[in-house]
Amino acid sequence: MTDISWNAVRAVAEPDLRTIFESDPDRLDRLAFKVGSLRFDWSKTHMTPALMAAFADLAQASDFTARRDALFSGASVNVTEDRAAEHSAERGEGAPDSVARAKALHNRMRALIDAIEAGALGPIRHIVHVGIGGSALGPDLLIDALGRDAGRYDVAIVSNVDGCALEEAIRDFDPQATLLAIASKTFTTTETMLNARSAINWMVEGGVDDPYGRVVALTAAPDKAVEWGVDETRILPFSETVGGRYSLWSSIGFPAALGLGWDAFESLLEGAAEMDRHFRLAPVEKNAPLIAAFVDRYYAGVKGCQTRALFAYDERLRLLPSYLQQLEMESNGKSVKLDGSPVDGPTAPITWGGVGTDAQHAVFQLLHQGTHLVPVEFVASIEPGDLLDPAHHRALLTNCFAQGAALMRGRENPADPARAYPGGRPSTTILMDDVGPHALGALIAFYEHRTFANAVLMGINPFDQFGVELGKEIARSIEKDGPSGFDPSTSALIDLAMNDE
Ligand SMILES: O=P(O)(O)OC[C@H]1O[C@H](O)[C@H](O)[C@@H](O)[C@@H]1O
């Protein structure tokens, strides 16, 4: 059944993007619409009514509705680990028990934040948050995007095990006024535990009497945090059913909730909940995450695009591409289906991108004239983030819109091929009313659901990440046994760089 539906998708005639608005004058009305404060525009893609219908059939053949219901009902959708994926319960949308549990844990986080604000842990001015992957990228994005004017605390998110990262973060911090947040779902991740240990040592060297008294643990493994030495009253647990890369809504968001204030954190959750409801209830042809997934699948699965690029025309969203790299590539960079059989075609493309207008002066050459077809996504905000001359924001938006038009329109130049633009290159635009917590919550939830919808159409599990394990295991064995037992290249590298004798 799914094969038949894929064939129907592949059989849809491809329109010419350069003239598509002439042949399909209503496409803007159909393919551009608002969800809350986000306006999506897919009209500059190859999505035609015929393709939309073929994809709607594919969604049906892929049991999309049942899989979406299973996600929100707290069923065990992460089949390889036999667990639910309940990030939406953190925002109040999910199985009633899970929503109640998430609410109780949020209340616990709020109470600790209130106590910290009231000075219970001393005069805190700096927060060092150690965590990696999903335990760092989300909070980092939130604080970088929304924290410009918050000015409440200096927050440093430290992820890399390279000591340069921690050293740089604490360089200007006073150990006597620093709170250490250790973020790790498993509370075993080597990088995070080593950074946490070194941060404690730095506090000890800085004369802090009770450094463990300034530690807050954000984890789904509270027992491990207790073993490590964190007092139970300062452990903020979250549910095992919240995946790492979907966890910024849980206590992993603690530095954002503390740094930006509780109201902002709550508004973030509400924005995400609004997107949850949209994803659950909107019809196929107006369902933003689903349409985005159709477009993703078309370019990756039918047109063979190996990458997709995202450009944030907003300095506040400069970390969005790296956040999405984990979300999309760790979720959907898979080769087997739910039943363990090989996938039928390409899975997640490589997500890459950057910030506009900078990227125009660096990588856009390839987008306009290179031999790769890269579907481009632009994200911009109507409201500016700066208070300077409005000319800045106007220039930002002008450039953003110009790029989408140029990619689509192209320009012939038979006399001078080096100066010709092929055109016909697709782009999507997401225009936010502003970059506030509510809109950002909705935007991130949109990407989560789009990732899930892609997985459903491919028949894969987006919630495990076994691909990251082998390298960790080998690193442990190098640590333990040195160069023996490896290939000559690896042994020589270990010998050269790590042999102390
Ligand atoms: O939160 P932790 O248990 O420390 O895990 C941190 C990260 O490490 C793993 O290797 C996974 O690839 C990530 O999905 C995860 O977010």
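**Q&A on a predicted model: ligand shell, domains, helix H14 and some odd backbone spots**

User: How many residues surround the ligand, and which are the closest?
Analyst: In this predicted model, the closest residues to the ligand are Gly133, Gly134, Ser184, Thr189 and Gly244. They belong to a surrounding set that numbers 14 residues.

User: How does the shell around the ligand divide into nonpolar, polar and charged residues?
Analyst: Glycine goes in the polar group here, and Gly133, Gly134 and Gly244 are among the closest residues. The whole shell comes out as two nonpolar, three charged and nine polar.

User: How far apart do the C-alpha centres of domain 2 and domain 3 lie?
Analyst: The domain assignment gives domain 1 in two pieces, 2-73 + 268-464. Domain 2 covers 88-260 and domain 3 covers 467-498. Between the C-alpha centres of domain 2 and domain 3 you get 31 Å.

User: Is helix H14 mostly covered or mostly exposed?
Analyst: H14 runs over residues 320-332, and its 18 Å reach is close to the 18 Å expected. A residue counts as buried with 20 or more other C-beta atoms within 10 Å. In H14, 10 of the 13 residues pass, among them Tyr323, Leu327 and Glu328. That makes the helix mostly covered.

User: Which elements do the buried residues of H14 pack against?
Analyst: The buried set includes Leu320, Pro321, Leu324 and Met329. On the strand side, the partners are E8 (307-313), E9 (350-355) and E10 (376-381). The helix partners are H7 (137-146) and H17 (437-458).

User: Which peptide bond is cis, with omega near 10 degrees?
Analyst: Look in the loop between E9 and helix H15 (364-369), where threonine 357 sits. The cis bond leads into that threonine from glycine 356, so to speak, giving the pair glycine 356 to threonine 357.

User: Is aspartate 63 buried or partly exposed?
Analyst: Aspartate 63 is in the loop between helix H4 (49-61) and helix H5 (64-73), and its phi is positive, near 60 degrees, although the residue isn't a glycine. Buried would take 20 or more C-beta neighbours, and exposed 12 or fewer. Aspartate 63 has 15 inside 10 Å, so the call is partly exposed.

User: What about aspartate 82: buried or exposed?
Analyst: Aspartate 82 also isn't a glycine, and its phi is positive at about 45 degrees. You'll find aspartate 82 in the loop between H5 and helix H6 (96-117). Because just 7 other C-beta atoms lie within 10 Å, aspartate 82 is exposed.

Conventions
Residues numbered from 1 in each chain as written. Predicted model: local features only at pLDDT ≥ 70, side-chain atom pairs only at ≥ 80, totals over all residues. Helix = DSSP H or I, 4+ residues; strand = E, 2+ residues; numbered from the N terminus. Expected span 1.5 Å × (residues − 1). Contact = placed C-beta atoms within 7 Å. Near = placed C-beta within 6 Å. Domains from an automatic or database assignment.
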